[in-house]
Amino acid sequence: MTPRVLSIAGTDPSGGAGIQADLKTIGAFGGYGMAVVTALVAQNTEGVRSVHVPPPAFLAEQLDAVSDDVVIDAVKLGMLHSTPLIDIVVAWLERVRPPVVVLDPVMVATSGDRLLDAAAEAAIRRLCARVDLVTPNLPELAVLAGQPEATTWAAAVDQAQALAAATDTVVLLKGGHLAGATSADAVVTAEAVRPVEGRRVITTTTHGTGCSLSSAMATLRASGFSWFDALGHAKEWLTGAIEHGAALEVGRGNGPIDHFHHLREHVPHLRADVGSPTWTGRAWDDSAPVRDRVDACEFVRRLGDGTLEPERFAWYLAQDAVYLGEYAELLARAAALAGAPEEQAFWARGSVAAQEEEMRLHRAWVAGMPAAAPATRAYLDHLHAAHRHGYEVLIAALLPCSWLYADLGRRLVAQDRPAHPYGAWLRTYADPAFLDAAETARSIVDRVAEAASSDGRNAMTAAFAASMRHELAFFEAP
Ligand SMILES: Nc1ncnc2c1ncn2[C@@H]1O[C@H](COP(=O)(O)OP(=O)(O)O)[C@@H](O)[C@H]1O
Ligand SMILES: Cc1ncc(COP(=O)(O)OP(=O)(O)O)c(N)n1
């Protein structure tokens with residue numbers, strides 16, 4: 001049976017959160033999505049601009065229009081805005097009694113904008129006792145539990161159990177707001193805590209994760225899964241959706257997740273990172289397992305969150321300086337081999353930039369030039385070998401360095417803060433000029449790949465993949 005799932009929530013015209021995210025999620029889990037709007041929110045990935053609330057009587061009319069006609073298998077409650085709207089929803093729930101009701105007690109958006117009147121917090125607390133599952137994030141849990149926000153998993157579990165006991169309901173505790181390499185969640189009752197582990201993705205594309213998770217839970221529960229099994233499935237999907245969010249390239253702030261990433265993998269022309277299946281798009285996709293390992297490696301994680309030991313960072317920078325010296329030389333060789341004048345100019349500018357700007361950044365940290373470590377030497381030997389195969393293979397081998405750093409910089413810079421010990425490093429690789437240069441390199445490589453023979457393209461593919469593996473080894477070396 002296809003579960004018929006109703007979202008009662010506010011809107012997000014940029015499509016990442018609220019009712020728009022709910023409908024995408026319900027569809028992604030095979031449900032039939034319906035939507036009743038509580039509030040019209042002028043918002044995007046950067047924040048909320050204004051909120052318009054239609055008269056409460058109109059909310060009642062929308063709810064009746066659906067339930068007078070359609071059997072509802074599950075309800076997801078999102079932004080309820082204020083007490084008069086909550087009262088209408090409560091009265092409707094009493095009358096219609098849908099079998100599954102999930103409450104995402106939306107109070108404040110990630111941008112810091114309020115989505116619930118402070119005066120309505122007590123009404124939301126009362127509503128918790130009337131639903132089957134509540135899915136607060138840590139700040140919301142603190143308000144519902146009447147305690148300061150938890151900063152550890154143990155404190156959060158205590159608050160969730162207190163809430164579950166006080167309301168006699170199930171609480172989905174979400175660990176997204178805690179720091180660390182994992183982002184665990186848990187199904188919590190007064191008697192038991194059942195955690196579901198998950199990888200933490202280094203990214204800023206987390207807009208609408210809470211909305212999407214609660215809709216997934218409502219849809220899966222209506223499909224017959226236990227809360228615990230539903231969380232296992234929802235979390236696996238959500239982690240993938242967060243990972244693929246950046247490739248959508250939506251908005252300048254905290255971008256949305258990719259609700260349909262699992263479909264794109266199987267439908268080449270729908271892949272989010274390429275308008276058409278380009279050579280670089282395929283090479284990038286094929287390198288996903290290696291890039292996942294880069295994201296997960298201790299050095300990269302601790303560089304991002306600033307906990308890396310200064311000696312390890314200094315060692316890495318020294319090796320990077322060794323690498324950049326020869327990398328600049330190889331960019332100059334690419335310029336010499338390029339046929340088109342604009343390609344010659346681009347690689348030559350890259351060579352100068354690699355020598356001047358990046359070496360200048362490194363001189364601030366590196367005292368003296370050490371010998372190349374084995375991982376550095378192996379990577380450089382691979383690039384020199386690529387040069388011996390000619391222009392096509394050389395530029396394919398050079399591409400992962402700029403592309404991977406641009407991708408990491410764009411995501412890691414989200415963790416920059418005033419006293420971040422490696423903030424300058426993060427900002428260098430998130431600089432729009434660096435991102436533009438990586439994008440131009442990619443389009444040149446695509447142009448060259450298109451004109452190459454099939455043997456040439458195969459050699460380019462092998463060179464690109466090998467460079468990605470060398471990048472991983474480079475990050476794992478310190
Ligand atoms: N960077 C991340 N990587 C992986 N999962 C995440 C990340 N950030 C949040 N999540 C997951 O997204 C869901 C929503 O989490 P959270 O951020 O705590 O709530 P909200 O979006 O309501 O503020 C949870 O399942 C959480 O574990
Ligand atoms: C209309 C609307 N409802 C809820 C939210 C909050 O979304 P959430 O999933 O908690 O995550 P962020 O968007 O805050 O990252 C919203 N923004 N708009």
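**Cavity, cores and ligand surroundings**

The largest cavity has a volume of about 30 Å³. The structure described here is a predicted model, and the search for cavities of 30 Å³ or more returned a count of one. Its lining is made up of Trp-315, Tyr-316, Gln-319, Ala-375, Thr-376, Phe-474, Ala-477 and Pro-478. Sorted by character, the residues lining this largest cavity comprise six nonpolar and two polar ones, with no charged residue among them. Two helices each supply at least two residues of the lining, namely helix 13, spanning 310–337, and helix 15, spanning 374–388. Helix 13 is the leading contributor to the lining of the largest cavity, with three residues.

Attention turns next to the packing of nonpolar side chains. In soluble globular proteins, such side chains tend to be buried together. In the present model, the largest nonpolar core holds 64 residues, and the members that touch the most others are Trp-347, Trp-425 and Phe-475. Helix 16, which covers residues 391–412, gives the most to this core, with 15 residues. A second core, separate from the largest one, numbers 43 residues; Ile-72, Leu-80, Leu-85 and Trp-92 are among them.

The two ligands can be taken in turn. Around ligand 1 there are 15 residues, and those that come nearest are Lys-174, His-177, Ser-183, Asp-185 and Val-201. Three of these nearest residues also appear in the polar pairs listed here. For Lys-174, an N or O atom of the side chain is 2.8 Å from an oxygen atom of ligand 1. Ser-183 places a polar side-chain atom 2.7 Å from an oxygen atom of this ligand. For Asp-185, the distance between a polar side-chain atom and an oxygen atom of ligand 1 is 2.4 Å.

Ligand 2 is surrounded by 16 residues, of which Gln-43, Thr-110, His-207, Gly-210 and Cys-211 are the closest. Here both side-chain and backbone atoms of the protein take part. The side chain of Gln-43 has an N or O atom 2.8 Å from a nitrogen atom of ligand 2. In the case of Thr-110, an N or O atom of the side chain is 2.3 Å from an oxygen atom of the ligand. Cys-211, by contrast, contributes through its backbone, a polar atom of which is 2.8 Å from an oxygen atom of ligand 2.

Notes: Residues numbered from 1 in each chain as written. Chains lettered and ligands numbered in written order. Predicted model: local features only at pLDDT ≥ 70, side-chain atom pairs only at ≥ 80, totals over all residues. Heavy atoms only, no water. 1 Å grid on protein atoms, 1.4 Å probe; cavity = no way out; pocket = protein on both sides within 12 Å on 5 of 7 lines; lining within 4 Å. Points joined across faces, edges and corners; volume = space filled by probe spheres on them. Helix = DSSP H or I, 4+ residues; strand = E, 2+ residues; numbered from the N terminus. Nonpolar A, V, L, I, M, F, W, Y, C, P; charged D, E, K, R; others polar. Core = buried A, V, L, I, M, F, W, Y, C linked by side-chain atoms within 4.5 Å. Buried < 20%, exposed > 50% of the residue type's maximum accessible area, 1.4 Å probe, protein only. Near = heavy atom within 4 Å. Polar contact = N/O pair within 3.5 Å; in protein donor to acceptor, adjacent residues only side chain to side chain.
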